[in-house]
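Please open the structure in a viewer and keep the selection tool at hand. The tour proceeds by selections, each followed by a statement of what is found there.

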Amino acid sequence: MKTTGIVRRLDELGRIVIPKEYRKLYGIEIGDPLEIKGNENGTITVSKVSNRTELLALCKSVCDCISAETGVTVAATDFFSYVYASGVNKDKAMTLAPDPAVVAKIKERRCGCLPVQTEWYSYLTYAPITGVSDVFGGLVAFSSHSADDIIKFAVRLGGRLVGNALQKF
């Protein structure tokens with residue numbers, strides 16, 4: 001594939017604008033972290049930073065712990081997919097796309113329980129993975145019964161723990 005470029009001028013504050021076409025093509029949204037690197041040849045590259053690797057590592061132990069304590073399947077989402085799941089139905093959870101209604105609530109920093117109807121779960125209990133100002137993703141518990149306070153607390157606490165750890169990156 002041939003590389004093409006767009007020329008942009010640096011403004012008086014040292015800023016450049018990333019063209020809308022590139023932002024759309026590479027899924028870059030307002031607030032996304034970008035890494036800027038320079039090399040000895042004078043080339044500067046700008047890359048979108050993916051928090052998927054960090055999210056996966058931090059969510060693994062939290063999802064495993066919540067699932068072991070509550071007996072429900074628990075998954076972590078980066079909004080686009082489930083990056084990790086734990087529990088009896090973890091394989092089924094990993095094949096699903098996150099519910100758009102749940103993703104919207106998580107992005108609004110809300111916790112809750114959504115009734116749904118599937119063959120293996122009836123409720124989605126969700127909580128955002130938040131830092132001080134960012135929402136990194138969410139934790140979702142799949143259960144066959146309405147979430148009790150213990151499941152709600154565990155999912156909410158797990159999201160906060162992972163968010164606090166991610167904030168340090």
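The stops below lead from the whole chain to individual elements and residues.

**The whole chain**

Begin with the entire protein in a cartoon representation, bearing in mind that this is a predicted model. The secondary structure amounts to 5 helices and 7 strands. Followed from the N terminus, these elements appear in the order α-β-β-α-β-β-α-α-β-β-β-α. The protein has 169 residues, of which 34% count as buried. If a surface is displayed, it represents about 11,100 Å² of exposed area, with carbon and sulfur atoms supplying 55%. Among contacts between residues at least 6 apart in sequence, 42% join residues at least 24 apart.

**Strands S1 and S2: a surface patch**

Select Leu34, Ile36, Ile44 and Val46 with the surface shown. Together these four residues form a nonpolar patch on the surface, with about 390 Å² of accessible area. Strand S1 (34-38) and strand S2 (44-48) each contribute at least two residues to the patch. Centre next on Ile36, which belongs to strand S1. Is Ile36 buried or exposed? Its relative accessibility is 64%, above the 50% cut-off, and Ile36 therefore counts as exposed.

**Strands S3 and S4: a hairpin**

Select residues 73-77 and 82-86, which are strands S3 and S4. The two strands pair in the antiparallel sense over 4 bridges. Thr77 of the selection stands opposite Tyr82 in S4. S3 and S4 form a hairpin, and 4 residues lie between them. Strand S4 is largely enclosed by the rest of the structure, because 5 of its 5 residues are buried.

Now pick Phe79, located in the loop between S3 and S4. Phe79 is not a glycine, yet its phi is positive, at about 90°. With a relative accessible area of 16%, Phe79 is buried.

Return to strand S3 and select Ala75. At 0% relative accessibility, Ala75 counts as buried. A distance monitor between the C-alpha atoms of Ala75 and Ala85 should read 4.0 Å, although these residues are 10 apart in sequence. Beyond residues up to four places away in sequence, Ala75 touches Cys63, Tyr82, Tyr84, Ala85, Gly138, Leu139, Val140 and Phe142.

**The nonpolar cores**

Hide the surface and show side chains. Which residues have the most contacts inside the largest nonpolar core? They are Cys59, Cys63, Ile66, Leu139 and Val155, in a core of 18 residues. Helix H2 (52-70), S3, S4, strand S6 (123-130), strand S7 (135-143) and helix H5 (149-167) each supply at least two residues of this core. Another core, of 15 residues, lies apart from it and includes Phe79, Val103, Val116 and Tyr121.

Centre on Cys59 and display its surroundings. Leaving aside neighbours within four places in sequence, Cys59 is in contact with Ala76, Tyr84, Ile129, Leu139 and Val162.

**Helix H2: Ser67**

Move along helix H2 to Ser67. Ser67 has a relative accessibility of 9% and so counts as buried. With neighbours within four places in sequence set aside, its contacts are Val72, Thr73, Val74, Ser86 and Gly87.

**Strand S6: Pro128**

Select Pro128, a residue of strand S6. Its relative accessibility is 8%, and Pro128 therefore counts as buried. Add Lys107 to the selection: it is 21 residues from Pro128 along the chain, and their C-alpha atoms are separated by 7.1 Å. Apart from neighbours within four places in sequence, Pro128 is in contact with Ile106, Arg109, Arg110, Cys111, Val135, Gly137, Gly138, Gly159 and Arg160.

**The loop between H4 and S5: Arg109**

One of those contacts, Arg109, is the last selection. Where does Arg109 lie? Its place is the loop between helix H4 (100-107) and strand S5 (112-115). Phi of Arg109 is near 65°, a positive value in a residue other than glycine. Is Arg109 buried, exposed or partly exposed? A relative accessible area of 38% makes Arg109 partly exposed, since that class lies between the 20% and 50% cut-offs.

Technical notes
Residues numbered from 1 in each chain as written. Predicted model: local features only at pLDDT ≥ 70, side-chain atom pairs only at ≥ 80, totals over all residues. Heavy atoms only, no water. Buried < 20%, exposed > 50% of the residue type's maximum accessible area, 1.4 Å probe, protein only. Pairing = 2+ DSSP bridges. Patch = residues over 30% accessible without salt bridge, like charges linked within 9 Å, V, L, I, M, F, W, Y side chains within 5 Å. Areas by Shrake-Rupley, 256 points an atom, 1.4 Å probe, with all protein chains shown as cover. Salt bridge = Lys/Arg side-chain N within 4 Å of Asp/Glu carboxyl O. Core = buried A, V, L, I, M, F, W, Y, C linked by side-chain atoms within 4.5 Å. Contact = heavy atoms within 4.5 Å.
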